[in-house]
Number of protein chains: 2
Amino acid sequence: MAAAVPKKIVIVGAGFGGMAAAKALRKVAAEVIVVDRNNHHLFQPLLYQVATSVLSPGQIGIPIRGILRKQQNTTVIMGEVTDIDKERRCIFASDADRSHAAIEYDYLVLATGVTHSYFGHPEFGKFAPGLKSLADAVAIRNKILQVFEQAEAEEDPSRHRELMTFVLVGAGPTGVELASAIAVLVRTTLRTEFRRIDPSSARIVLLDRSPRVLMPFAETLSTAAKRRLEKLGVEVRLGSGVDQIDEDGVTAAGARIASKAVIWTAGVAPSPAATWLNVETDHAGRVRVQNDLTVAGHPEIFVIGDTAALDQDGNPLPGVAQVAMQQGRYVGNLIDRRLRGKSAPAPFRYADKGSMAVVGKGFAVLQTGRIHLSGYLAWLGWAFIHVRALAQPGMRLSVFLQWVWTYFTGQRGDRLIVKDSSPMREATPARAASIH
Amino acid sequence: MAAAVPKKIVIVGAGFGGMAAAKALRKVAAEVIVVDRNNHHLFQPLLYQVATSVLSPGQIGIPIRGILRKQQNTTVIMGEVTDIDKERRCIFASDADRSHAAIEYDYLVLATGVTHSYFGHPEFGKFAPGLKSLADAVAIRNKILQVFEQAEAEEDPSRHRELMTFVLVGAGPTGVELASAIAVLVRTTLRTEFRRIDPSSARIVLLDRSPRVLMPFAETLSTAAKRRLEKLGVEVRLGSGVDQIDEDGVTAAGARIASKAVIWTAGVAPSPAATWLNVETDHAGRVRVQNDLTVAGHPEIFVIGDTAALDQDGNPLPGVAQVAMQQGRYVGNLIDRRLRGKSAPAPFRYADKGSMAVVGKGFAVLQTGRIHLSGYLAWLGWAFIHVRALAQPGMRLSVFLQWVWTYFTGQRGDRLIVKDSSPMREATPARAASIH
């Protein structure tokens, strides 16, 4: 008597949503396959700390297969999804070298997230990198550190000010956290290390077209955050939409700011999940899902997290980690119940646990239910919650120790300027001329 | 009465030699300028641990200006030297964006090191990266980790063996340390993380044309190291010169080994210091120096470390960190004495402090004077000496804690597969198709 072939559950994307779904399926008598184009799960809320040299990439990026290694029913495949065939029930993926065989599914969970969006100006991307992946964070770190290296090498002091001008476009949590972290970097670690320039005189401009920073927060918290930013020396310009970004700077609300270091912290666009599925989307391109997170007409396909659109009490759910995690858990449990022949659970409901944003050293804003908090206590709460939320004990210990070290010594964990690695670079004697 | 213009001492290269020279000049009443094309000093002896995911790049690469921040007479410039004008006494440097103004010197110290050499076969470089810089280490780490990702994604088991074959060309310290570190990686951290493949069945081949591994060591230690390598499952093939390396593998001593992961741990070639100076070299292209480390006819130009050639007792000095460090200190003191009008010191003499190499977890060989040691005790000595030798207290603590953590848990510090970062990559909606 042959055993029944186990059902195949394919999860695409190992962010907060995909990992929550995979973990919720850990005891299911089925084959779970997690596909991601990276080998690591990324703890995105601390990405700005990699961009500002506090943490190293390896402290917030941890191998997916390491997290799931004890989950024997789960296979991790590194590959980039290129298309989906809903009728044959399979996905297509490839890696750098070749296409994988089609991966079949009985249940499909798409948790493919977002990328940055330049609001119809893709040409801005060349001059203003965004902050979504570890590669982005390293690119921004290179940019920040290189500005000071170039200024120190520049013998003409009249050029120092322009070189040391940072412009951040977008004053949401990412923009606020990154701008204040740069302000702390230049006033602590970098302050005593240069001879020709004073890094603490760097100009940091934070732009947004909205009337206040941290729009999703209560107005009192926005005000507190803005005051703190200004105390840190950040120039906050609100109601200031960007018209132009090029290699020499930014034009916003008619004013020109010369800068070689522009960073994009504004919009996001969903993954192409809707294109693969060829289904209905909201205006932003996110997949419209039913209240059990399935795609209409396809009870075997789930879309969760930032790439899904679902309204609750008349408002669209926000694109935050908590929504993705709760949806991942919901879908994992729903599939588990179906496999065991149980009835469907109640529709998905998001329980808002609140939001936080850091503004420099020892200051955060925190909003949960009726509690609105800003200052040191909120920052301690932020630090505690974020360390606890890291995926593995090793990460928690390492990030915690790094924070304590940086807090008290001002020294950073990883302040490398990383150059492109190409095997050919140092291979020929002719190119050896570049070594010293 | 105008003060005398301070003399300018330019040091090119912030490796072991250049840093030792800079530190020896910390109290000199002169302007010291350290020029390096990277922003970091690299602790090269632990580079193989970055390549095998134990340490992260930021743990062994530390900003040069951070190390020298309290040395008020010293300016650090990030730039790549392209030429030297001995008559005008200036060097030319540039960074990514532009050429710097010529940097003038009264004294010049060239400590520009080596790169890898493919012995007249630069075309090997494309398929067999070497291990000299952090970028190299990350490229090799990507290669090692990707092999297992590709094998796990491969549904045809007959291809697993070829995918999981590593070939290291060169059984000196780098080849031995890297081969044994890969053997430990596949048998500890990776062992339980895959479902379709068994990483511990990976084939690791270490090739060398010489008759034994670790040629500079005593024969008993070479034998002990070889035995240990074989115990770790490394296939050691000696007297086996490489004829061909291409994208499908290696041909050595007439035998073909199919492999997608070939690593070059054999030869090195000096920096182009001799070309810039247009002076006499040894057969390898290193600058022949006088016994006070100056270039003949130029008492103001010093060349030290791996890029200099000097005989002692009839033998050329080896290209090791200790030689570079002792030469750096010697040159710093010599310049100090000259500036203060004192007599020249005695000719440079290298004091050999011995050599060490690690062979996997808990095993090293150590040779100093008449002491020849192999095993656990030598490994403890190695660990102690290397932690102590790190440039800063923060590095020492962080590397030590990481080692303890990895030793007891098998978990690694940084196991990321890093993809190229380009600001354009995620900028356009068309490319957004690659996100999940």
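Mentor: A residue is buried if 20 or more other C-beta atoms lie within 10 Å of its own, exposed if 12 or fewer, and partly exposed in between, with C-beta atoms placed from the backbone. Helices (H or I, at least four residues) and strands (E, at least two) are DSSP runs, numbered from the N terminus. This is a predicted model, in which local features need pLDDT of at least 70, side-chain atom pairs count only at pLDDT 80 or more, and totals for chains, interfaces and linings use all residues. Residues are numbered from 1 along each chain as its sequence is written, while chains are lettered from A and ligands numbered from 1 in the order in which they are written.

Trainee: What makes H5(B) largely enclosed by the rest of the structure?

Mentor: Count its residues. Of the 20 in H5(B), 17 are buried, so the helix is largely enclosed.

Trainee: How does the reach of H5(B) compare with the span expected at 1.5 Å a residue?

Mentor: The expected span is 1.5 Å times one less than the number of residues. For the 20 residues of H5(B) that gives 28 Å, and the distance from first to last C-alpha is close to it, at 28 Å. H7(B), residues 173-187, also agrees: 15 residues should span 21 Å, and its end C-alpha atoms are 21 Å apart. H7(B) is mostly covered too, with 14 of its 15 residues buried.

Trainee: Which element gives the largest share of the side of chain B that touches chain A?

Mentor: Contact first: two residues are in contact if their C-beta atoms, placed from the backbone, lie within 7 Å. Chain B puts in 78 residues and chain A 78 residues. H5(B) supplies the largest share of the chain B side, 10 residues. That side divides into 29 nonpolar, 28 polar and 21 charged residues. Here Ala, Val, Leu, Ile, Met, Phe, Trp, Tyr, Cys and Pro count as nonpolar, Asp, Glu, Lys and Arg as charged, and the others, Gly among them, as polar.

Trainee: How do you know that the copies meet through the same surface?

Mentor: Compare the two sets. 100% of the interface residues of chain B are also interface residues in chain A, so the surface is the same.

Trainee: What turn and shift lay chain B on chain A?

Mentor: Copies are superposed by least squares on the C-alpha atoms of residues with pLDDT of at least 70 in both. A turn of 180° and a shift of 0.0 Å along the axis lay chain B on chain A with an RMSD of 0.0 Å. That is the relation of a two-fold axis.

Trainee: Why is B:Leu214 called buried?

Mentor: B:Leu214 has 26 other C-beta atoms within 10 Å, so it counts as buried. The residue sits in the loop between E12 (203-207) and H8 (219-231) of chain B. Its phi is positive, about 45°, although it is not a glycine.

Trainee: And A:Arg89: how many other C-beta atoms lie within 10 Å?

Mentor: A:Arg89 has 18, so it is partly exposed. It lies in the loop between E6 (80-85) and E7 of chain A. Its phi is near 55°, again a positive value in a residue other than glycine.

Trainee: What makes A:Ala102 count as it does?

Mentor: Its 15 C-beta neighbours inside 10 Å make A:Ala102 partly exposed. It lies in the loop between E7 (90-94) and E8 (103-104) of chain A. Beyond four places in sequence, A:Ala102 touches A:Cys90 and A:Phe92.

Trainee: Where is B:Gly18, and is it buried or exposed?

Mentor: B:Gly18 is in H1 (residues 16-24) of chain B. With 28 other C-beta atoms within 10 Å, it is buried. Its contacts beyond four places in sequence include B:Val34, B:Val109 and B:Gly328.

Trainee: What covers the buried residues of H8(A)?

Mentor: The cover includes H7 (173-187), E12 (203-207) and E13 (234-237) of chain A. Among the buried residues of H8(A) are A:Leu221, A:Lys226 and A:Arg228. Just after the helix, A:Gly233 takes a positive phi of about 90°.

Trainee: Where does pLDDT stay under 50 in chain A?

Mentor: pLDDT is the predictor's confidence in each residue, from 0 to 100. It stays under 50 over residues 421-436 of chain A. Where pLDDT is low, the predicted coordinates should not be read in detail. The mean for chain A is 92, with 95% of its residues at 70 or more. The model scores ipTM 0.90 and pTM 0.92.
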